[in-house]
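Work through the exercises below with the model open. Each task is followed by a solution in steps.

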Amino acid sequence: MALDKATVARIAILARIKLPRSEQEHLARELSAILGWIEQLAEVDTAGVEPMSSVVAMRLPMREDEVTDGDCRDKILANAPAAAHGFFTVPKVVE
Amino acid sequence: MGALTDLTIAEARDGLAAKQFSAREMTEAYIAAMAAARPLNAFLVETPERALVMAAASDARIARGAALPMEGMPLAIKDLFCTEGVLTTAGSRILERFMPPYESTVTAKLWQAGAVMLGKVNMDEFAMGSSTVTCAHGPVESPWRRPGDNRPLVPGGSSGGSAAAVAARAAIAATGTDTGGSIRQPASFCGIVGLKPTYGRCSRWGIVAFASSLDQAGPMTRSVRDAAIMLKAMAGHDPKDSTSAPQPVPDFEAALTGDIRGLRIGIPREYRLDGMPGEIEALWQRGIEWIKDAGAKPVEISLKLTKYALPAYYIIAPAEASSNLARYDGVRFGLRVPGQSLDEMYENTRAAGFGAEVRRRILIGTYVLSAGYYDAYYLKAQRLRTLIARDFAAAFERCDALLTPTAPSAAFAIGEKQDDPIAMYLNDVFTVPVNLAGLPGLSVPAGLSRDGLPLGLQVIGRAFDEATVLRVGGIIERAAAFTAKPAFPAGGG
């Protein structure tokens, strides 16, 4: 399937990646080529086949619901690009 | 005895035990080799002080007769592994200042086994690539050159820094990760051994995630025996990774009996690609002769969906990547580029922080997961995955291991294939199906191309049967007697 510039712009918004207008056409071409190549999968009949989300043939293990980690606020905040008073900070979201 | 940096792990272990040299001497030799290898751009961070402290601890344990399995072995660590207090960037600008407050399970296990950390090595950004060219920190050069041709070659990828460091004798071994071939293809390109274990064999905890249902860590070494030794140290159940398998870890080294008599080795006919270079086909034939000479029986098998593995992979891996990489939002860690609003801050940060290939894959992943396309692409690919895994399961009813080429070509020059994503993706045509099925795969150097560059053969095994994979790999290694060395460092260091 060929992606047009508008679709590329829409998925860039969904992915939260700023995409200059000047790159839309180039990227639309590139992604269309990849999707075109991927579409050969349609040749294979997969009706009734279970989708595989993991090769690990086991149920996810359960554990006791207890605290096993924590008390490391400052270590975590040390990598934050902006922090204040023991919190992450973001641009103002409420007027 | 030659240079300390020419020894394998097994040889160095013997030398340390016999007190022929100390762990400190070996680490000093590697610190010098690592510095000499800087033109390759393999190491992003060198940690010589830490290495010397760790080597001193190794010498103390050796002195009191308490040597550990990886005692004193100086390792390069792929920059995808979080290392406490040592910069971990995943080859990306978006993590350019990330200092992990914790250690990955796999590296922690290696240090507990006595290994020494030399530094962190370069890679394709977020492990997305087959050339180690898509790094925020510039491309890695292979230590190999075509004779009479000085153009720099790619080391393969994404674990290209690991492969280059090991091949250039700048580390005795390295950690790698493999989502679609990122250990095996660079091992093939650089003339070293690379093992992707069974999915679940090594903990993924503390490894920067790319595609969680496919990612697996493994050893990159200069011999099959070394891969066996190092895998044992890396492997094991970890409650912190819910997909880590509660399986016992066998003594892989003891599996290297040199005896493969009676084993049935599958030769998948669909791996004979149109347009594949004759030298790859010839190498594969030699490999089949070697296993026959050793008393195993080649069995022609069919993996009929082979050609669909790559396109299925290029739905599943980008889909998982787009979810995993959503965490890079400029809030909790990594780069932040300001914006007028929260959304604009996200968009600016991710545009500036991710390189072209990562952006491409996030966009593909976002698209195939988006409303209206999920069934047609993502579920379709997951159904293909089931069928591909079934093909392998059927093959393993008739054979004990499979033998294939590792990659469809030798290394290419830096800059080649950069304009055509699909040409680059085809590097992984023989390795990707193994990840989709979660199986172990080993690349062993088996010969040289007409251009004088290394070529590997791949051994694929049943889930959790790395022992047989290594045993067969050991036979290939012995028969191939691969002794060629890269041009760098000149004169073999």
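Helices here are DSSP runs of H or I with at least four residues, numbered from the N terminus. The model is predicted.

**Exercise 1. Describe how α9(B) and α12(B) pack, from geometry to residues.**

Step 1. Locate the helices. α9 of chain B covers residues 306-324, and α12 of chain B covers residues 374-398.

Step 2. Take the distance and the angle. The two axes come within 9 Å and cross at roughly 125°. That angle makes α9(B) oblique to α12(B), because angles of 65 to 115 degrees count as roughly perpendicular and those over 145 as roughly antiparallel.

Step 3. Assign the hand. α9(B) and α12(B) cross in a left-handed sense.

Step 4. List the contacts. α9(B) contributes Tyr308(B), Ala309(B), Ala312(B), Ile315(B), Ile316(B), Ala319(B) and Glu320(B). From α12(B) come Tyr377(B), Tyr378(B), Ala381(B), Gln382(B), Leu384(B), Arg385(B) and Ile388(B).

Step 5. Sort them by class. The contact of α9(B) with α12(B) has eleven nonpolar residues, one polar and two charged.

**Exercise 2. Which helix gives the most residues to the lining of the second largest cavity?**

Step 1. Size the cavity. The second largest cavity holds about 50 Å³ of space.

Step 2. Read the lining. It consists of Tyr271(B), Leu303(B), Leu305(B), Thr306(B), Ala309(B), Ile388(B), Asp391(B), Phe392(B) and Pro433(B).

Step 3. Find the elements. Those that give two or more residues to this lining are α9 and α12 of chain B. α12(B) gives the most, with three residues.

Step 4. Sort by class. The lining of the second largest cavity has seven nonpolar residues, one polar and one charged.

Step 5. Link to Exercise 1. Ala309(B) and Ile388(B) line this cavity, and both also belong to the contact of α9(B) with α12(B).

**Exercise 3. Survey the other empty space: how many cavities of 30 Å³ or more are there, and what lines the largest cavity and the largest pocket?**

Step 1. Count. The structure has four cavities of 30 Å³ or more.

Step 2. Take the largest cavity. Its space is about 60 Å³. Among its lining residues are Gly180(B), Gly181(B), Ser182(B), Phe210(B), Arg361(B) and Asp428(B). By class, the lining of the largest cavity has five nonpolar, four polar and two charged residues.

Step 3. Turn to the largest pocket. Its volume is about 1,000 Å³. Of its 29 lining residues, Asp69(A), Tyr102(B), Trp205(B), Gly206(B) and Lys240(B) are the closest to its centre. The lining of the largest pocket divides into 15 nonpolar, five polar and nine charged residues.

**Exercise 4. Describe the crossing of α2(A) and α11(B).**

Step 1. Set the geometry. The axes of α2 (residues 21-38) of chain A and α11 (residues 356-369) of chain B come within 11 Å and cross at roughly 65°. The crossing is right-handed.

Step 2. Name the partners. Glu23(A), Leu27(A), Glu30(A), Leu31(A), Ile34(A) and Leu35(A) meet Arg359(B), Arg360(B), Leu363(B), Ile364(B), Tyr367(B) and Val368(B).

Step 3. Sort by class. The contact of α2(A) with α11(B) has eight nonpolar, no polar and four charged residues.

**Exercise 5. Place two backbone exceptions in chain B.**

Step 1. Recall the rule. Most residues other than glycine have a negative phi, and most peptide bonds are trans.

Step 2. Check omega. Gly157(B) and Ser158(B) are joined by a cis peptide bond, with omega about 10°. Ser158(B) sits in the loop between β3 (116-121) and α5 (160-167) of chain B.

Step 3. Check phi. Lys19(B) has a positive phi, near 60°. Lys19(B) is in the loop between α1 (9-17) and α2 (23-36) of chain B.

Conventions:
Residues are numbered from 1 along each chain as its sequence is written. Chains are lettered from A and ligands numbered from 1 in the order in which they are written. This is a predicted model: local features need pLDDT of at least 70, side-chain atom pairs count only at pLDDT 80 or more; totals for chains, interfaces and linings use all residues. Side-chain values use heavy atoms; hydrogens and water are left out. Axes are lines fitted to C-alpha atoms, for helices over the stretch in contact, and angles run from 0 to 180 degrees between N-to-C directions. Angles under 35 degrees count as roughly parallel, over 145 as roughly antiparallel, 65 to 115 as roughly perpendicular and the rest as oblique. A crossing is left-handed if the near helix is turned anticlockwise from the far one by less than a right angle, and right-handed if clockwise. Contact means heavy atoms within 4.5 Å. Ala, Val, Leu, Ile, Met, Phe, Trp, Tyr, Cys and Pro count as nonpolar, Asp, Glu, Lys and Arg as charged, and the others, Gly among them, as polar. On a 1 Å grid over the protein atoms alone, a cavity is a set of points where a 1.4 Å probe fits but cannot get out, and a pocket is an open set with protein on both sides within 12 Å along at least five of seven lines; lining residues have an atom within 4 Å of a point. Grid points are joined across faces, edges and corners, and a volume is the space filled by probe spheres set on the points.
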